[in-house]
Structure formats: C-alpha cells, structure tokens
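Here's a quick briefing to read with the model open on your screen. Have a look at the fold before you get into individual residues.

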Amino acid sequence: MKIKELKELDVKELTEKLENAESALETMKLNHTVSPLENPSQIKAARRDIARMKTEIRLRELNK
C-alpha cells in the first residue's frame, strides 16, 4: 500500500486496515513456521505496510 493511498483514508478506516494487516501478518507468520510460504518476502512487505500505516496515524495525531 502506498503512502498516497493511506493519506486518502480517514483515521477510522486506517485503524481498521491496520488491525486487519496485523492479524494477517500473524497468520502469515504462523503458516510460515508450519510449512514454508511460497513467497516469504510477503512477510517483509506486510511489516512495512503496517509501519507505513502506524506512521501515518502518528503523523495525524501530532498534527492535531
């Protein structure tokens, strides 16, 4: 997910996406420990997306 896309969302939608992404990451990690994922770089991409979302939420908190 791009920064530009995140800036278009409101805070409520952003937090919902963040919660969904965090749960998906946990599921991905668990599945990867049981049987290796076909593309393990998905975990890295998911972590970075979560970081982008958290950064955008924090920026909005500071700008209020």
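What follows goes from the overall build to one helix pair and then to a few residues around it.

Keep in mind that this is a predicted model. The protein has 3 helices and 0 strands, and its elements run α-α-α from the N terminus on. The notes below spend most of their time on how α2 and α3 pack, and on Arg60, which sits in α3.

**Overall build**

- Along its principal axes, the C-alpha trace spans about 45 × 15 × 15 Å.
- The protein has 64 residues, and 23% of them count as buried.
- Take the contacts between residues at least 6 apart in sequence: 69% of those join residues at least 24 apart.

**How α2 and α3 pack**

- Helix α2 covers residues 11–34 and helix α3 covers residues 41–63; the two pack at an angle of about 155°, with their axes 10 Å apart. Angles over 145 degrees count as roughly antiparallel, so that is the label for α2 against α3.
- As for handedness, α2 and α3 make a left-handed crossing.
- On the α2 side, the residues that meet α3 include Val11, Leu14, Leu18, Ala21, Leu25, Met28 and His32. On the α3 side, those that meet α2 include Ile43, Ala46, Ile50, Met53, Ile57 and Arg60.
- Sorted by class, this contact of α2 with α3 has 11 nonpolar, 3 polar and 6 charged residues.

**Arg60**

- Is Arg60 buried or exposed? Its relative accessible area is 17%, so Arg60 counts as buried, the cut-off for that being under 20%.
- What does the side chain of Arg60 reach? It gets to the backbone oxygen of Leu6, at 3.0 Å.
- If you leave aside neighbours within four places in sequence, Arg60 is in contact with Leu6, Lys7, Glu8, Leu9, Asp10, Val11 and Leu14.
- One of those partners, Lys7, is 53 residues away from Arg60 along the chain, yet their C-alpha atoms are separated by 9.6 Å.
- Asp10 is another of the contacts of Arg60; these two are 50 residues apart in sequence and 9.8 Å apart in space, C-alpha to C-alpha.

**Asp10 and Val11**

- Asp10 lies in the loop between α1 (3–8) and α2. With 40% relative accessibility, Asp10 counts as partly exposed.
- A polar atom of the Asp10 side chain lies 3.2 Å from the backbone nitrogen of Glu13.
- Val11 has its place in helix α2, and it is partly exposed because its relative accessible area is 38%, which falls between the 20% and 50% cut-offs.
- Val11 is among the α2 residues that meet α3, and Arg60 is in contact with it.
- For a distance along the same stretch of chain, Val11 and Lys29 are 18 residues apart in sequence and 27 Å apart in space, C-alpha to C-alpha.

How values were computed:
Residues are numbered from 1 along each chain as its sequence is written. This is a predicted model: local features need pLDDT of at least 70, side-chain atom pairs count only at pLDDT 80 or more; totals for chains, interfaces and linings use all residues. Side-chain values use heavy atoms; hydrogens and water are left out. Axes are lines fitted to C-alpha atoms, for helices over the stretch in contact, and angles run from 0 to 180 degrees between N-to-C directions. Helices (H or I, at least four residues) and strands (E, at least two) are DSSP runs, numbered from the N terminus. Angles under 35 degrees count as roughly parallel, over 145 as roughly antiparallel, 65 to 115 as roughly perpendicular and the rest as oblique. A crossing is left-handed if the near helix is turned anticlockwise from the far one by less than a right angle, and right-handed if clockwise. Contact means heavy atoms within 4.5 Å. Ala, Val, Leu, Ile, Met, Phe, Trp, Tyr, Cys and Pro count as nonpolar, Asp, Glu, Lys and Arg as charged, and the others, Gly among them, as polar. Buried means under 20% relative accessible area, exposed over 50%, partly exposed in between (1.4 Å probe, protein chains only). A polar contact is a pair of N or O atoms within 3.5 Å; within protein, one must be able to donate a hydrogen and the other to accept it, and residues adjacent in sequence count only if both atoms are side-chain atoms.
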